[in-house]
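Welcome, and please open the model in your viewer with the sequence panel beside it. We will go from one selection to the next and look at what is there.

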Amino acid sequence: MTILVDQAMWPAHGRLWAHLISDSHLDELHAFAEANGIPRRGFDRDHYDVPAEALGRLVAAGARPVSGHELVRALIASGLRVTARERRDGR
């Protein structure tokens, strides 16, 4: 089981944001996020949105930095990926 984080490239609310995922279990992801001060409101169905300033702390705690492409591939391979269609349809 691995926690992965991509680069902060997504602008919102005056900050840049990254994505934090698990490559196998949402329970693992939630536990890691909670242990590292990431609020549950940052969870978006299959990932957490995390601010750029949290990246160093998350990597120091064990998250593996990866490219956005690698993060998406790992999320798909895990079976945890929620597709854009599922998001639109409210699934």
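Which residues does Tyr 48 touch, not counting residues up to four places away in sequence? Select Tyr 48 and show its surroundings: Ala 18, His 19, Leu 20, Leu 29, His 30, Ala 33, Ile 38, Pro 39, Arg 40, Gly 42 and Phe 43 are the residues it touches. Contact here means heavy atoms within 4.5 Å.

A note before we move on. This is a predicted model, in which local features need pLDDT of at least 70 and side-chain atom pairs count only at pLDDT 80 or more, while totals for chains, interfaces and linings use all residues. Residues are numbered from 1 along each chain as its sequence is written, and side-chain values use heavy atoms, with hydrogens and water left out.

**The whole chain**

Zoom out and colour by secondary structure. You should find 4 helices and 5 strands, arranged along the sequence as β-β-β-α-β-α-β-α-α. The radius of gyration, taken over C-alpha atoms, is 12 Å, close to the 12 Å that the globule rule gives for 91 residues, so the chain is as compact as a globular protein of that length. That rule is 2.2 Å times the number of residues to the power 0.38. Helices (H or I, at least four residues) and strands (E, at least two) are DSSP runs, numbered from the N terminus.

Along the principal axes, the C-alpha atoms fill a box of roughly 35 × 30 × 25 Å. Of the contacts between residues at least 6 apart in sequence, 59% join residues at least 24 apart. Buried residues account for 38% of the 91 in the chain; buried means under 20% relative accessible area, exposed over 50%, and partly exposed in between (1.4 Å probe, protein chains only).

**The largest nonpolar core**

Next, select Val 5, Leu 20, Ile 38, Tyr 48, Val 50, Leu 58 and Ala 63. Of the 15 residues in the largest nonpolar core, these touch the most other members. Such a core is a set of buried Ala, Val, Leu, Ile, Met, Phe, Trp, Tyr and Cys residues joined through side-chain atoms within 4.5 Å. Two or more of the core residues come from each of strand S1 (3-5), strand S3 (15-22), helix H1 (26-35), strand S4 (48-51) and helix H2 (55-60). H1 gives the largest share, 3 residues. A second, separate core has 7 residues, including Leu 4, Val 66, Ala 74 and Leu 80.

**Ala 18 and Leu 55**

Now click on Ala 18 in strand S3. Ala 18 is buried, with a relative accessible area of 0%. Beyond four places in sequence, Ala 18 touches Val 5, Asp 6, Gln 7, Ala 8, Tyr 48, Asp 49, Val 50 and Leu 55.

Follow that contact to Leu 55, in helix H2. Leu 55 counts as buried at 18% relative accessibility. Apart from neighbours within four places in sequence, Leu 55 is in contact with Val 5, Asp 6, Ala 8, Ala 18 and Val 50. For a distance check, the C-alpha atoms of Leu 55 and Arg 73 are separated by 20 Å.

**Helix H1 and what follows**

Show the side chains of H1. The buried ones to pick out are Glu 28, Leu 29, His 30, Phe 32 and Ala 33, and the buried residues of H1 pack against S1, S3, S4 and H2. After H1 comes Gly 37, with a positive phi near 75°.

Continue to Arg 45, in the loop between H1 and S4. Its phi is near 70°, a positive value in a residue other than glycine, and Arg 45 is partly exposed at 32% relative accessibility.

For another such phi, jump to His 13, where the value is near 55°. His 13 sits in the loop between strand S2 (10-12) and S3 and is exposed, with a relative accessible area of 76%.

**Helix H3, the last stop**

Which residues of helix H3 (residues 68-78) are buried? Select Leu 71, Ala 74, Leu 75 and Ser 78. They cover an arc of only 100° around the axis, which puts them on the same side of H3; the arc is that of the directions from the helix axis to the C-beta atoms. The buried residues of H3 pack against S1 and S3.

Rotate to the face turned away from the buried side, and you will see the exposed residues His 69, Ile 76 and Ala 77. Finish just after H3 at Gly 79, which takes a positive phi of about 85°.
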